[in-house]
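Student: I would like to learn how to read a ligand site. Can we work through one together?
Tutor: Yes. Here it is.

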Amino acid sequence: MKDFQPDDLQLLSAYGAFIDNEYKPVGGQTFAATSASTGETLANVARCSGQEIDDAVQSAKRAFPDWKAKTPEERAACLYKFADLVEGQIQRFKVIDALDVGRGVWETELDHVLAVQQYRYFAAAAKTHEGWGRSIPNGYLIAKREPYGVCGQIIPWNVPGIMASFKIAPAVAAGNTVVLKPDENACLSTMELGKLIAECFPPGVVNIVPGLGEEAGAALTSHPDVAKIAFTGSPEVGRIVSAAGANRLVPVSLELGGKSPNIVFPDVGTDDIDKIVDNVTFGSMFCNGQSCIAGTRLFVHDGIYDDFMGRLKASMERIKVAAPTNPFPLLSCLVSEKQGQRVQSYIDIGKAEGGLVTGGERVSVEGCDAGWFFEPTVFETTNDSRIAQEEIFGPVLSVIRWKDYDKLLADANGVKYGLAAGIYTSNLKNAWETADRLQAGNVWVNSYLNLAPGSPFGGYKESGIGSEFCHETLNMYTHAKAITIQTEINPAWYAPSA
Ligand code: NAD
């Protein structure tokens, strides 16, 4: 990499919790944030427990009344400034994430570009999130939106820049204050945001508490002063977080896993097949397959199957597997040994079931001895197999041949998830009817991962509850309150008799 070297990361040697706009000293236990590819320790991070969580929540609670009282324009100004500062650090953040998560720098750069868009989107949205009103007999009804207060937010490791922005931007735009817990597998770029938060927001508006899920995460979701919980991660932990919210009767929004179908109709033009193969390759392998929206189940029509599969195999075999700091790899390493073992076990299951088309082997990359790199791996299978039903979270694609449209739809919807879906067709009727019948929060026709700020992002079924990334997200972070005003006081039911 010419433009940035890992030594220039300007990381702190140790990160304490970020509370009241400063990093607290690292007093108790820590964990090492390590490079996914080399195993090198990048920094030590505080393993926050109940005390730090309480300090952060109290800080957010103190900051809430003043932050809530600010005008939307004032809140937007802070978010715009923050977006500018994050934008100025993208070259640094992309390398931090490439080392911490193991993904290629060309991808992690895009994460932070999207994060900046997200901060700007919600700066603008804050100014248009108004209430509504109407006349009633002898008076007027005013309905307004009010922030909840302290939001406890928990994010996963796969796209830290995007995840932090999805949580912080709408919550503070709506007038809430935040305690955010990043993932223990990759938290450094989120911890680094503290330096910029201190320049943009009043103390306490955004606090960051690193730590383990069952310690810091559990302490946050069960804290009595947390008024709203937002979680992104696995369905298993989503259930635990939901139960913690249910115990205290606070609203919980969830963004969970996926096993998204990507459907190719036989009417696609022969000239388009290479482009579709490219979309399918990208849709399953970006983020090294560690994405909730990866198109991991590919349905190809029988009529074009053999031609398509030949080109798909060639496309997968063209992918370069390389170190995260290489400027142009498509595939790099998985986040951890645990994730590597998980992916290996699914590849073993797929191999035992038969149907391996390409890949299936672990790859060693020079200078990256600790990294879990895999070849892009494709299996032919059926929708009821384990590799087609379960979220692998690695570079593994399951391909299913289809003939009958109703069976296709039943299979495409035949998983517990419902996050995203892709359709490739030249027929508007196919596109519309299929998009309408798919159980998925995002359906992309003729281009996978077509996300623009403002499009609702959320899941059906076990993929989650609520929508992020859009104007409606501000409703998820606010109460609706009705106030009626009468011009005169009327007697009610028990009026004194005349
Ligand atoms: P995970 O559920 O194991 O961890 C996510 C977060 O939850 C981490 O910060 C972790 O520390 C915390 N956590 C763990 N146990 C906890 C507990 N008992 N109480 C509170 N917090 C706890 O998920 P992961 O392995 O880090 O991420 C992968 C999962 O995330 C996949 O299922 C993926 O599909 C999903 N994901 C979803 C989206 C989306 O937007 N829908 C985006 C990215 C990832």
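Student: Which side chain has an N or O atom 2.6 Å from an oxygen atom of the ligand?
Tutor: A polar contact is a pair of N or O atoms within 3.5 Å. Here the side chain of Glu 391 offers such an atom, 2.6 Å from a ligand oxygen. Ser 234 also has a side-chain N or O atom 2.6 Å from a ligand oxygen. Gly 213 uses a polar backbone atom, 3.3 Å from a ligand oxygen. This is a predicted model, where local features need pLDDT of at least 70, side-chain atom pairs need 80 or more, and totals for chains, interfaces and linings use all residues. Residues are numbered from 1 along each chain as its sequence is written, and side-chain values use heavy atoms, without hydrogens and water.

Student: How much of the ligand does the protein bury?
Tutor: Accessible area comes from the Shrake-Rupley method with a 1.4 Å probe. Alone, the ligand exposes 850 Å², and the protein buries 89% of that.

Student: Which residues come nearest to the ligand?
Tutor: Near means a heavy atom within 4 Å. Of 29 residues around the ligand, the nearest are Ile 155, Glu 184, Ser 234, Leu 256 and Glu 391.

Student: Why does the ligand lie between two domains?
Tutor: Domain bounds come from an automatic or database assignment. Domain 1 (14–256 + 463–482) and domain 2 (261–445) both give residues to the shell, so the ligand lies between them.

How values were computed. Polar contact = N/O pair within 3.5 Å; in protein donor to acceptor, adjacent residues only side chain to side chain.
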